[in-house]
Amino acid sequence: KGGLLVTAGLPAAPPGKAYQLWAIAGTKAPVSAGVFAVGADGGASVGVPPLPGVDKVDVFAVTLEPAGGVPAPTGQMYLAGKA
């Protein structure tokens, strides 16, 4: 159904890297919910569109990935929270 991610205090991503939001539903593989950058204060506001094939999200997570994103998480997790 979509939503909004609001962050604060994240460190700036190094060159060539970006933050990526993941939706995790049960034991299914994480689904990318978008790639984003943070402002100088570490804040971001990211619209999350409805995700195809995802009926209910249990956990959202944010990892640091190569710029442009990846199909599955590979980087360090910075945030995680129940939906």
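Select Asp-58 and Lys-56 to begin: these two side chains form a salt bridge, and their closest N and O atoms are 3.0 Å apart. The term requires a side-chain nitrogen of Lys or Arg within 4 Å of a carboxyl oxygen of Asp or Glu. Side chains of opposite charge can pair when their charged atoms come close. How many salt bridges does the structure hold? The structure holds one.

Before the next stop, please note that this is a predicted model, in which local features need pLDDT of at least 70 and side-chain atom pairs count only at pLDDT 80 or more, while totals for chains, interfaces and linings use all residues. Residues are numbered from 1 along each chain as its sequence is written, and side-chain values use heavy atoms, with hydrogens and water left out.

Now colour the pair by accessibility. Lys-56 is exposed, with a relative accessible area of 55%, whereas Asp-58 is partly exposed at 30%. Here buried means under 20% relative accessible area, exposed means over 50%, and partly exposed lies in between, for a 1.4 Å probe and protein chains only.

**The open sheet**

Next, display the strands, which are DSSP runs of E with at least two residues, numbered from the N terminus. Four of them form an open sheet in the order β3-β2-β5-β6, with antiparallel pairing. β3 and β6 (77-82) stand at the edges with a single partner strand each, so one side of each has no neighbour in the sheet. From one strand to the next, the twist averages 25°; the axes behind this value are lines fitted to C-alpha atoms, and angles run from 0 to 180 degrees between N-to-C directions.

Strands of a sheet pair through backbone hydrogen bonds, either parallel or antiparallel. Two strands are counted as paired if DSSP finds at least two bridges between them.

Select residues 17-24, strand β2, together with residues 31-36, strand β3: five bridges join them in the antiparallel sense. Ala-23 has Val-31 as its bridge partner in β3. The two strands form a hairpin with six residues between them, and Gly-26 in the turn has a positive phi of about 60°.

Remain on β3 and select Val-35, which is found in this strand. Val-35 is partly exposed, with a relative accessible area of 37%. Add Leu-21: the C-alpha atoms of the two residues are 6.3 Å apart, although 14 residues separate them in sequence.

Then move to strand β5, residues 59-66, which pairs with β2 in the antiparallel sense over eight bridges. One position to mark is Gln-20, whose bridge partner in β5 is Thr-63.

**Strands β1 and β4**

Select residues 3-7, strand β1, and then β4; the two run antiparallel and are joined by five bridges. Thr-7 lies in β1 and has Ala-44 as its bridge partner in β4. Is Thr-7 buried or exposed? At 8% relative accessibility, Thr-7 counts as buried.

Show the side chains of β4, residues 44-48, and note how they alternate: Ala-44, Val-46 and Val-48 point to one face and are buried, while Ser-45 and Gly-47 point to the other and are not. Val-46 has a relative accessible area of 11%. Its C-alpha atom is separated by 8.6 Å from that of Thr-7, 39 residues away along the chain.

**The largest pocket**

Finally, display the largest pocket, which holds about 240 Å³ of space. Which residues lie nearest its centre? They are Lys-1, Gly-2, Val-48, Val-57 and Phe-60, out of 16 lining residues. By class, the lining has 11 nonpolar, two polar and three charged residues; Ala, Val, Leu, Ile, Met, Phe, Trp, Tyr, Cys and Pro count as nonpolar, Asp, Glu, Lys and Arg as charged, and the others, Gly among them, as polar. β1 gives the most to this lining, with three residues.

A pocket is defined on a 1 Å grid over the protein atoms alone, as an open set of points where a 1.4 Å probe fits, with protein on both sides within 12 Å along at least five of seven lines; lining residues have an atom within 4 Å of a point. Grid points are joined across faces, edges and corners, and the volume is the space filled by probe spheres set on the points.

Terms used
Helix = DSSP H or I, 4+ residues; strand = E, 2+ residues; numbered from the N terminus.
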